[in-house]
Amino acid sequence: RWREWDLFDDLYKLVGVPVVTVQLRYNGWVTELQDLERSRQLKRAAGLDNLLYTPDADFSCFADLAFTSPEDYYIGGQGSLIQAVLTPGDPYMPLPNDAIISRVQKQVLELFPSSQGLEVLWSSVVKIGQSLYREAPGNDPFRPDQKTPVENFFLAGSYTKQDYIDSMEGATLSGRQAAAYICSAGERLAALRKKLASSELEGTLRDSNTADELSFI
């Protein structure tokens, strides 16, 4: 029945794509470009403290988590923890983890030649068969609005209609937009809640009367 509404039916036109996330732990700081000596010391994090994007690698975005999120990922005596996201990850899904790590490592070194000579101490590969939707030409109109044709039913998520791509930032913005819709519908939702409460009360009284009649019989 949901598919009777175009807004919900269009969701089936958004096809999920595979995503491969690779983590590489090094014995130095990969994104430190200015000072070679600083990139080799392990007393403090060094490099680019930001989420990074590049058109020159198979991974669309990456970051040194040991630097950007030190409370969770910095380990004393170790260096960068590069997390690279391969999306769409179709070409990588059938490959063994060792081959994926080798390819990503090669591209990391090409992006940051100063990291030549650093060793990978630890690595991880996570494959997700269907993650983000495929951002093919013409797909954007199929993303649903946060407000739906169903009363008191709202959507939120990075796949919904907002200014960003299918991402964490997009998910956050969609939540703000959904909250705005809910706030603007406050009076109507309050009236609906009162109506539902009244219906529940009538149902309770009806059940009570039925029970009394059965007891009397």
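The domain assignment divides the protein chain of this predicted model into domain 1, covering residues 15-133, and domain 2, covering residues 143-216. Taken over C-alpha atoms, the centres of domain 1 and domain 2 are separated by 42 Å. A further annotation comes from UniProt, where an unreviewed entry lists residues 9-182 under "domain: Amine oxidase". Over residues 9-182, helix accounts for 25% of the chain and strand for 17%. The C-alpha atoms at the two ends of this stretch are 23 Å apart.

In soluble globular proteins, nonpolar side chains tend to be buried together. In the present model, the largest nonpolar core comprises 21 residues, and those with the most contacts inside it are Val22, Phe59, Leu86, Ile100, Val104 and Val108. Two or more residues of this core are contributed by each of strand 1 (19-26), strand 4 (81-86) and helix 5 (97-111). A second core, separate from the largest, consists of eight residues, among them Ala45, Ala46, Leu65 and Leu81. With residues up to four places away in sequence left out, the contacts of Val104 are Val22, Leu24, Phe59, Ala84 and Leu86. Val22, Phe59 and Leu86 thus appear both among the contacts of Val104 and among the residues with the most contacts inside the largest core.

The loop between strand 4 and helix 5 holds Pro88. The peptide bond joining Thr87 and Pro88 is cis, with omega at about -5°.

Another loop, between strand 5 (120-128) and helix 6 (168-184), contains Thr148. Thr148 has a relative accessibility of 10% and is therefore classed as buried, the cut-off for this class being under 20% relative accessible area. Not counting residues up to four places away in sequence, Thr148 touches Leu7, Phe8, Phe153, Phe154 and Leu155. For Phe153, a polar contact is also found: its backbone oxygen lies 2.6 Å from a polar atom of the Thr148 side chain.

Asn152 is likewise placed in the loop between strand 5 and helix 6. Although Asn152 is not a glycine, its phi is positive, at about 65°. The relative accessible area of Asn152 is 43%, so this residue counts as partly exposed, whereas Thr148 in the loop between strand 5 and helix 6 is buried.

Note on methods
Residues are numbered from 1 along each chain as its sequence is written. This is a predicted model: local features need pLDDT of at least 70, side-chain atom pairs count only at pLDDT 80 or more; totals for chains, interfaces and linings use all residues. Side-chain values use heavy atoms; hydrogens and water are left out. Domain bounds come from an automatic or database domain assignment. A nonpolar core is a set of buried Ala, Val, Leu, Ile, Met, Phe, Trp, Tyr and Cys residues joined through side-chain atoms within 4.5 Å. Buried means under 20% relative accessible area, exposed over 50%, partly exposed in between (1.4 Å probe, protein chains only). Helices (H or I, at least four residues) and strands (E, at least two) are DSSP runs, numbered from the N terminus. Contact means heavy atoms within 4.5 Å. A polar contact is a pair of N or O atoms within 3.5 Å; within protein, one must be able to donate a hydrogen and the other to accept it, and residues adjacent in sequence count only if both atoms are side-chain atoms. UniProt positions are given in the numbering used here, feature names are shortened, and annotations may be inferred rather than shown by experiment.
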